[in-house]
Each structure stands twice: as C-alpha cells, then as structure tokens.
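Me: I have a model open and want to learn to read it feature by feature. Can you take me through it?

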Amino acid sequence: MDGELFARERTEIAPGAVHVPDWLGAARQRELLAACRAWARPPAGLRTVRTPGGGAMTARQVCLGLHWYPYGYARTAVDGDGAPVKPMPLWLAELGREGVAAAYGEPPAPGTAEYDIALINFYGGDSRMGMHRDAEEKSGAPVVSLSLGDACVFRFGNTGSRGRPYRDVELRSGDLFVFGGSSRLAYHGVPKVLPGTAPQGLGLTGRLNITLRVGGLG
C-alpha cells in the first residue's frame, strides 16, 4: 500500500512456499480481471460449490482446462450447468511457468508439463476458505496462486493436519504465491478477506484468486 515505511520483499514462508509481493503490475492486473469476467459468464461459468455433506463454499468458482468438484476433476461442469469446461489459455499456462521462475529464481525443469488447470475463486467481503490441501492432481508441480482485488489473510500450514503450526500472510492485489516441493500438499486457507483494500483503479469489489495447477491426469 502507498506510504509504507518498508517495501514488501520476497519471502520464503516454508520450504518450497514463496510469497512474491506486487508481482503483477497494474496493467497486467486489469487484463487478468477482464479475462476472469469473461470466463465467469455461462456456459460453465461462475458457480457455488457444494460439499458432499450439503454445505456450500462461500467463495464462488469457475474452472479452466478441467472442472474441479469435491473431490475430483471432470471435463464438464458436473456440479454446475453440465457444459464443457472452458479451455486453459496458453498465455495463462505460460504465466504459471513465469510465476515459478519468479518464486524460485529458475524456470521449471525442461520437459516439465504445462499448467493445464486454473481454479478461479471469487471472494466477497464475508467469504472464507477452510483449511484444505490441493490433492486431486497427480503431478507434483508447484501450485501458482495470483491475487486480484481486496487483500486477504492467507493461512499456510503444514502437511500433517489443518491445525498449527501455520503462518498467516497478507496477500494483496498483484501478489504471487507459489508452493511446491515439500510444501506442495500443505494445508492452506483464507480465514479473512479485508474489504475495501483493492487498488482504486482496478475496478473490483471483492477478491479474485487464480490458482494454476498441473493436473498430470492425462
């Protein structure tokens, strides 16, 4: 935010888990927001995700490449309108590789599979995301997370349980967070969104999180 005494710096939150503040510039954020708005339209658009127990996630979601539902993947919006999932754009897959390079200081190894899945979650001011693991993929490639709009408290935990130890990180619009290696299956969640903290020029009320993954699902 403007007027801070110290600039935010790249930080390793846990082994293989790296926070890179302000990675996306203002113009790139606006471009990504416009794309998210197009992806959110039907068919296979933004939906409310319902859990097997009958509950509903407070963050709404749209998927690219493959459609995630609790707890698997499909080629159609099986828990939505049933339409074929929208394709994963090549430029977004490349953005995932660029994110890994920015976080780790080197690009993915030659021959590494391309990012082929995107989960886009929209959080209103009172939305939350419970502690969970991204465990439905067969690939161990790092998860790449991009934030737009309102800041949030992002809780990054351990691989053994949803409880402590964990670390809370403030993610703001334009921030990059990558987790792989020994942290690839760490529990993580969003206990709080900070309403009214989005950049004024972005034109977004609420928070968008774009999570890029390599499925390895064939």
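Reply: We will go through cores, strands, the pocket and a few backbone oddities. Keep in mind that this is a predicted model.

Me: Let's start inside. How many residues does the largest nonpolar core have, and which have the most contacts inside it?

Reply: A core is read as a set of buried nonpolar residues joined through their side chains. Here the largest one has 32 residues. L92 and Y115 have the most contacts inside it.

Me: Which elements give two or more residues to this core?

Reply: Two helices are on the list, α1 (26-39) and α2 (90-104). The strands are β2 (17-20), β4 (56-64), β7 (117-123), β9 (143-149), β12 (176-179) and β14 (207-213). Apart from this core lies another, of 26 residues. I13, C63, W68 and V193 are among its members.

Me: Back to Y115. What is Y115 in contact with, leaving aside neighbours within four places in sequence?

Reply: Start with M88, A93, G96, R97 and V100. Then come A141, P142 and V144. L212, R213 and V214 complete the set for Y115.

Me: Now strands. How many residues of β9 are buried?

Reply: Seven of its seven, so β9 is mostly covered, buried being under 20% relative accessible area.

Me: Which strands does β9 pair with, and in what sense?

Reply: For pairing, look at the bridges and the direction. β9 and β12 are antiparallel, with four bridges. V143 stands opposite F179 in β12. β9 and β14 also run antiparallel, joined by six bridges. There, S147 faces N209 in β14.

Me: Which strands pair with β13 (188-194)?

Reply: β8 (129-132) is one partner, antiparallel over two bridges. In that pair, M129 stands opposite V190. Strand β10 (residues 151-156) is another, antiparallel over five bridges. C152 has V193 of β13 as its bridge partner.

Me: On to the pocket. How much space lies in the largest one, and which residues are closest to its centre?

Reply: Read a pocket by its volume, then by its lining. The space is about 600 Å³. The lining has 35 residues, and M129, G130, H132, R133 and D134 are the closest to the centre.

Me: What is the character of that lining, and which elements supply it?

Reply: The lining divides into 17 nonpolar, eleven polar and seven charged residues. At least two residues come from each of β4, β7, β8, β9, β12, β13 and β14.

Me: Take M57 in β4. Is M57 buried or exposed?

Reply: Compare its relative accessible area with the cut-off. M57 has 18%, and buried means under 20%, so M57 counts as buried. Leaving aside neighbours within four places in sequence, its contacts are T48, V49, W68 and M129. The C-alpha atoms of M57 and R128 are separated by 7.9 Å, although the two residues are 71 apart along the chain.

Me: Last, the backbone. Which peptide bonds are cis?

Reply: Check omega. From P42 to P43 the bond is cis, with omega near 0°. P43 sits in the loop between α1 and β3 (47-50). The bond from P70 to Y71 is cis too, with omega near -5°. Y71 lies in the loop between β5 (67-69) and β6 (72-74).

Me: Which residues have a positive phi although they are not glycines?

Reply: D22 is one, at about 55°. D22 lies in the loop between β2 and α1. A44 is another, at about 50°. A44 is in the loop between α1 and β3. At 7% relative accessibility, A44 counts as buried.

Technical notes
Residues numbered from 1 in each chain as written. Predicted model: local features only at pLDDT ≥ 70, side-chain atom pairs only at ≥ 80, totals over all residues. Heavy atoms only, no water. Core = buried A, V, L, I, M, F, W, Y, C linked by side-chain atoms within 4.5 Å. Buried < 20%, exposed > 50% of the residue type's maximum accessible area, 1.4 Å probe, protein only. Contact = heavy atoms within 4.5 Å. 1 Å grid on protein atoms, 1.4 Å probe; cavity = no way out; pocket = protein on both sides within 12 Å on 5 of 7 lines; lining within 4 Å. Points joined across faces, edges and corners; volume = space filled by probe spheres on them. Nonpolar A, V, L, I, M, F, W, Y, C, P; charged D, E, K, R; others polar. Pairing = 2+ DSSP bridges.
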